[in-house]
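Let's take a walk through this model together, one side chain at a time. Keep the structure open and turn it as we go.

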Amino acid sequence: MKSKFQSDIKELVSENVISEEIASKIEDYYISKQINAPNRLLTIFGVLGSALIGMGIILILAHNWDNFSKTIKTGFAFLPLIIGQAFVGFSILKEKSAVWKEASGVFLFFAVGASLALISQIYNISDDTSSYLLNWIWLCLPLIYLLKSNMLIILHVVFVTGYACSYGYFLGNETPWLYLLFIVLMLPYYINMLKHYGDENLPSVLNWLVPLSLIISLGAFVKNNEQFGYLIYIILFGIFVNIGKTNFFNSQKLRRNGYYVLGSLGTVFMLLLASFKWLWEDVFTHNLQFNSQEFYVVITLFCVSSSVLILSNFKKWYSGFNIFQFVFLIFSMLFFIGLMDTLAPTILVNALILILGILTVKEGIVNLSFSILNYGLLIISALILCRFFDTDMSFVVRGLLFVSVGFGFFFANYIILKKQKISDKNKNSDL
């Protein structure tokens, strides 16, 4: 137990805040918690060690590969798989620690990939990268639940993203529908992690990794109607924002809330692109087909995003109004208005971005948050910068606008700094 914690307990006892009995119970509780907690450093080195051993074996075999017969090669191909399964079985049957399970799981994961690659090479089985990854993912998916391995779920997300990119981007018009199935199959374990270990680092990594995977892979579902692809991403970012604003994620530190950060940044980026008139005139209305895969994806995502928004309000998963949560609704309407009139949605998108910036600045001032305040000011600055390129304003007017925004940065931050000092002073006086 850390000496700082022990000194704090002793101070509380000496000040008669807690009794000796309560102090003893608190110490016993944290001691038992530390005993039962897995050694994170040991887990990391165990995983790294397993990966290095696996790669070292592969390199040794590769150096002498041509000197072996086909039978010996086949034996060597299955050898890492057998060793990995033996370690996994030992970890499960003997109920070994999390370090054992993580290390053996990672070793078996890469052993499966190595065995698949070697068998394909030995018997000249022609296979593209996406099929190879697909077989690898299918075989290793049960290990996540069998070993309750945190590292394996991270590897799962990374490899299914690789599969989606390989199958969807590099094979022409193929759509990686199985990617969605793989994401759904990992959700029970992911949700269980959030329920029981939501404040730890690994779920926080997945809170960034999962939305990033969806952002990277979703483009593989857009084949012919790229215009709908734009709307697809706006709605996807709307889903992220609404997930990130639920009480569970919103109560955590911003660095743990990858859904809201990515959703908010993505929304602003897409809106800034849509603030240019040429996009509405030359892209959105060009050969738009409603009887297409992209349109059905739009409808599906819109239903999902609307359901999350409605259910969150009904269950009271979040409180307060945040306009970012409704941007996907507003832009969806503007998108279809733009099919008839390109000027109106262009003006309204610019107005929407300005409103987002102003409300974000207001939120930052109310909550005394420098990060939120400056984010709102950056949104306004980005909007002014975009209009710098497609308007006929004189350089004097443009310069004055930037000077005004610069003063706005200093003034708004000064207001928050002053309010924070007053708030701290009032707290100290109350004490």
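Which residue follows H16 and has a positive phi? That would be Leu368, with a phi near 55°. Bear in mind as you look at it that this is a predicted model.

While we're here, have a look at H16 itself. This helix covers residues 343–366, which makes 24 residues. From its first C-alpha to its last it reaches 35 Å, close to the 34 Å expected at 1.5 Å a residue. Its buried residues include Pro345, Thr346, Val349, Asn350 and Leu352. Further along, Ile353, Leu356, Gly357, Thr360, Val361 and Gly364 are also among the buried residues of H16.

Now for the rings. A pair of aromatic rings is described by the distance of the centres and the angle of the planes. With centres within 6.5 Å as the cut-off for a pair, the count comes to 30 aromatic pairs. Take Phe87 and Phe107: their ring centres are 6.4 Å apart and their planes sit at 80°. Planes over 60 degrees apart count as edge-to-face, so that is what this pair is. Phe87 belongs to helix H4 (residues 70–93) and Phe107 to helix H5 (residues 98–122), so the pair ties together parts that are 20 residues apart in sequence. The two partners have their own surroundings: Phe107 is buried, with a relative accessible area of 11%, whereas Phe87 is partly exposed at 39%.

A second pair to find is Phe240 with Tyr259. Here the centres are 5.9 Å apart and the planes are at 65°, so this pair is edge-to-face too. It links distant parts of the chain, 19 residues apart, with Phe240 in helix H10 (residues 226–244) and Tyr259 in helix H12 (residues 258–274). Both rings are tucked away from the surface by the numbers: Phe240 is buried, at 1% relative accessible area, and Tyr259 is buried as well, at 6%.

Some rings gather in a group. Phe228, Phe290, Phe295, Tyr296, Phe335 and Phe336 make up one aromatic cluster. Others have a charged side chain over the face. Lys245 lies over the face of Tyr260, 5.3 Å from the ring centre, and Arg387 does likewise over Phe276, at 4.9 Å.

Let's go back to Phe87 for a moment. Which residues share a nonpolar surface patch with Phe87? They are Leu79, Ile83, Phe90 and Trp100, and the patch comes to about 410 Å². H4 supplies the largest share of this patch, 4 residues, and Phe87 lies in that helix. Patch residues need over 30% relative accessible area, and Phe87, at 39%, is partly exposed.

Last stop: charges that pair up. Side chains of opposite charge can pair when their charged atoms come close. How many salt bridges does the structure hold? The count is 1. The partners are Lys277 and Glu281, whose closest N and O atoms are 3.5 Å apart. That fits the cut-off of 4 Å between nitrogen and carboxyl oxygen. Both residues sit in helix H13 (residues 277–284), and being 4 residues apart, they are separated by about one helical turn. Lys277 is partly exposed at 34% relative accessibility, and Glu281 is partly exposed too, at 38%.

How values were computed: Residues numbered from 1 in each chain as written. Predicted model: local features only at pLDDT ≥ 70, side-chain atom pairs only at ≥ 80, totals over all residues. Heavy atoms only, no water. Phe/Tyr/Trp six-rings, centres within 6.5 Å; stacked < 30°, edge-to-face > 60°. Helix = DSSP H or I, 4+ residues; strand = E, 2+ residues; numbered from the N terminus. Buried < 20%, exposed > 50% of the residue type's maximum accessible area, 1.4 Å probe, protein only. Lys NZ or Arg CZ within 6 Å of the ring centre and 35° of its normal. Patch = residues over 30% accessible without salt bridge, like charges linked within 9 Å, V, L, I, M, F, W, Y side chains within 5 Å. Areas by Shrake-Rupley, 256 points an atom, 1.4 Å probe, with all protein chains shown as cover. Salt bridge = Lys/Arg side-chain N within 4 Å of Asp/Glu carboxyl O. Expected span 1.5 Å × (residues − 1).
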